[in-house]
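Please open the model in your viewer, with the backbone drawn as a cartoon and the selection tool at hand, and follow the stops below in order.

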Amino acid sequence: MDLELEGKTALVTAASKGLGREIAAQIVAEGARVAISSRSSENLEAAKQYILDVADADGDAVVTVVCDLSDSETIRPAIEGGIEEFGGLDVLVTNHGGTKPRYFSEATVEEFDEHYTSILKSTVLVVKAALPALEESNGSITHVVAATAREPPEGLIFTSTIRSGLFGLSKSLANEYASEGIRSNCVCPRSIMTGRLESKTAHTAQREGITFKEALEARESVLPIGRLGTPEEFARTVTYVASPAAGFLTGAVVPVDGGWSRGAF
Ligand SMILES: NC(=O)c1ccc[n+]([C@@H]2O[C@H](COP(=O)([O-])OP(=O)(O)OC[C@H]3O[C@@H](n4cnc5c(N)ncnc54)[C@H](OP(=O)(O)O)[C@@H]3O)[C@@H](O)[C@H]2O)c1
């Protein structure tokens, strides 16, 4: 299937590692150029090389943009600068650095503020910065959220409350901008093996006094599909949802979670 991404431009936030980096690599492999952002220029340079190798692409296919999603003042100029380098934007993918595990009883009001800033407010600022270019291109917005934002487990209060706001934001954007030709969707990962999941598994093993392998098996055992997902599997879904090939898909929430989500919708 032709995803019709050849010659297009994309921007992926929080893309120096893990899911964001893999999404950028798949988009470049489809013939697009991509701007990747994160807090660290060093991490971004390493990610750029990884993406160019995976996608077998020329150096100008990847642009790096230092942008800390916790720093509201600098987000718009950083994102607008990245878009200016390409002279337009067809595909925006919003990804984030993650949330701290907390029960409501232990979470402080300051931590709620921090998560609002780095997850929800940052997405608003990134979308505001990208909208003029997306209106020009009839482009797409795809938000990386989390399956746990749809079905809150215990001890993830910031995902349950603040990250779930991305569903409302995405649906509202889908409704408000459909007539401008802009689509907006959410893709929800769960148990995709990235560096982040590896360290979370190591932490669980240490806390529960079990081996890393046992902690990994426990994660796998709650997935109907019986194994963890790969970043490539997740990124392929995002790349399709974001591409013109998914032109009639908007306002949707797509889980990529090995069957972890139990609800029918
Ligand atoms: N993997 C999964 O199964 C899974 C499941 C559910 C939800 N998620 C969510 O999906 C997102 C990506 O997960 P991942 O597994 O790919 O994580 P990861 O491997 O830890 O990558 C996180 C990325 O976010 C960047 N980042 C962190 N804080 C940032 C900030 N303040 N501003 C800008 N960039 C920042 C990091 O880059 P720098 O350090 O270079 O800034 C890195 O590129 C996270 O929000 C995670 O919670 C993942």
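Which residue in E6 is the bridge partner of isoleucine 141? Select both, and you will find that the partner is serine 184. Before going further, note that this is a predicted model, in which local features need pLDDT of at least 70 and side-chain atom pairs count only at pLDDT 80 or more, while totals for chains, interfaces and linings use all residues. Residues are numbered from 1 along each chain as its sequence is written.

**The sheet**

Now colour the strands, where helices (H or I, at least four residues) and strands (E, at least two) are DSSP runs numbered from the N terminus. Seven of the strands form an open sheet in the order E3-E2-E1-E4-E5-E6-E7, with parallel pairing; two strands are said to pair if DSSP finds at least two bridges between them. Strand E3 (62–66) and strand E7 (253–256) stand at the edges with a single partner strand each, so one side of each has no neighbour in the sheet. On average, neighbouring strands of this sheet are turned by 20° against each other, direction ignored.

At the E3 edge, select strand E2 (residues 33–38), which pairs with E3 in the parallel sense over five bridges, and look for isoleucine 36 opposite threonine 64 in E3.

**Strand E6 and helix H7**

Move next to E6 (183–189), which is joined to E5 by five bridges in a parallel arrangement and pairs with E7, also in the parallel sense, over four bridges. In the latter pair, proline 189 stands opposite valine 256. Seven of the seven residues of E6 are buried (a residue is buried if 20 or more other C-beta atoms, placed from the backbone, lie within 10 Å of its own, exposed if 12 or fewer, and partly exposed in between). Select Arg183, Asn185, Val187 and Pro189 for one covered face of E6, then Ser184, Cys186 and Cys188 for the other.

Add helix H7 (residues 165–177), which packs on the sheet and touches strand E5 (140–144), E6 and E7; contact here requires C-beta atoms, placed from the backbone, within 7 Å. The direction of H7 makes about 155° with that of E6, where axes are lines fitted to C-alpha atoms, for helices over the stretch in contact, and angles run from 0 to 180 degrees between N-to-C directions.

**Helix H2**

Go on to helix H2 (residues 41–55) and select its buried residues, Leu44, Ala47, Lys48, Ile51 and Ala55. Viewed down the axis of H2, these fall within an arc of 110°, so they line one face of the helix; the arc is that of the directions from the helix axis to the C-beta atoms. They pack against helix H1 (18–29), E2 and E3, whereas Glu42, Gln49 and Asp53, on the other side of H2, are exposed. Just after H2 comes aspartate 56, whose phi is positive, near 50°.

**The core and one loop residue**

Select alanine 24 and its contacts, Val12, Ala15, Val34, Ile36 and Ile51, which leave out residues up to four places away in sequence. Ala24 is, with Val34 and Ala130, among those with the most contacts inside the largest nonpolar core, of 64 residues (a set of buried Ala, Val, Leu, Ile, Met, Phe, Trp, Tyr and Cys residues joined through C-beta atoms within 7 Å). Helix H4 (residues 109–137) gives the largest share of this core, seven residues.

Finish at alanine 14, in the loop between E1 and H1, where phi is positive at about 50° although the residue is not a glycine. Alanine 14 counts as buried, with 25 C-beta neighbours inside 10 Å.

Conventions:
Contact = placed C-beta atoms within 7 Å. Expected span 1.5 Å × (residues − 1).
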